[in-house]
Amino acid sequence: MAKKLDKAEVKKALERKVAQTRQPVQPKTQLGFIHHNVDCIGCRACEIACKDKNNLPPGPRFRRVMYVEGGSFPDVYAYKVNMSCNHCADPACLPACPSGAIWKRADNGVVDIDSTLCIGCRRCEAACPYGAPQWDPKEQIIKKCNMCIDELEAGRKPYCVMACMMRVLDIGPIDELAAGTWKTTALGPDDKPVRQVKNMADPALTRPSIVFIPHSKGRVEGKS
């Protein structure tokens, strides 16, 4: 049975989408993530906390801990890359959504979604270079990370950040995170954040709001 949408809500959402597509949102503060690829132990507590918070069924994962291993004995290596929605400055998912379910917040730059307006076309899923939109096979709609916007509005951090037992995942103003000036436990005294690690889509595509402390084997030459 086809899902019935509130026409008034769809009209309002589409007007917002058109406005934000023509004139991209310049948020007052752009929040983003920082992840220490080396000190992360890959426990996946962040993933579990996120799934619990968002009541996700088996399958979709807003946050994903990816294990990277390589080399040959004795020169072997292993590290983790942790990613969810990157709340891009130029989110590819936003203009791709035909029902206007995705928008960018002007106060903190969070790319939010109203999944009740999703028609299940999965165009946002195809458009995102980072795999952020997640298909819920049970409800037949797309859902995604909104940085636990309710927690942010209550003055708290997202569930994934609060669940990180190593304190290597954090949020903050992305410009300050990238400059290494934001006080965070995810950044050591001699660490220098980078915007891209190996096997990650070019940040120039959508300007994602995430930085990493990379493993030496994950560093992209010439990138900072």
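Surface patches are made of residues with over 30% relative accessible area and no salt bridge; like charges are joined within 9 Å, and nonpolar side chains (Val, Leu, Ile, Met, Phe, Trp, Tyr) within 5 Å. A salt bridge is a side-chain nitrogen of Lys or Arg within 4 Å of a carboxyl oxygen of Asp or Glu. The model is predicted: local features need pLDDT of at least 70, side-chain atom pairs count only at pLDDT 80 or more, and totals for chains, interfaces and linings use all residues. Residues are numbered from 1 along each chain as its sequence is written, and side-chain values use heavy atoms, without hydrogens and water.

One nonpolar surface patch joins Ile-41, Met-165 and Met-166. Together they have about 300 Å² of accessible area (Shrake-Rupley method, 1.4 Å probe, only the protein chains shown as cover). Met-165 lies in the loop between α6 (159-163) and β8 (169-173). Helices (H or I, at least four residues) and strands (E, at least two) are DSSP runs, numbered from the N terminus. Met-165 is exposed, at 54% relative accessible area (exposed means over 50%, buried under 20%, partly exposed in between).

Strand β8 also belongs to an open, mixed sheet of 3 strands, ordered β8-β1-β9. The edge strands, β8 and β9 (210-213), each pair on one side only. Pairing requires at least two DSSP bridges between two strands. Strands β1 (residues 31-36) and β9 run parallel over 4 bridges. Phe-33 has Ile-210 of β9 as its bridge partner.

Methods:
Buried means under 20% relative accessible area, exposed over 50%, partly exposed in between (1.4 Å probe, protein chains only).
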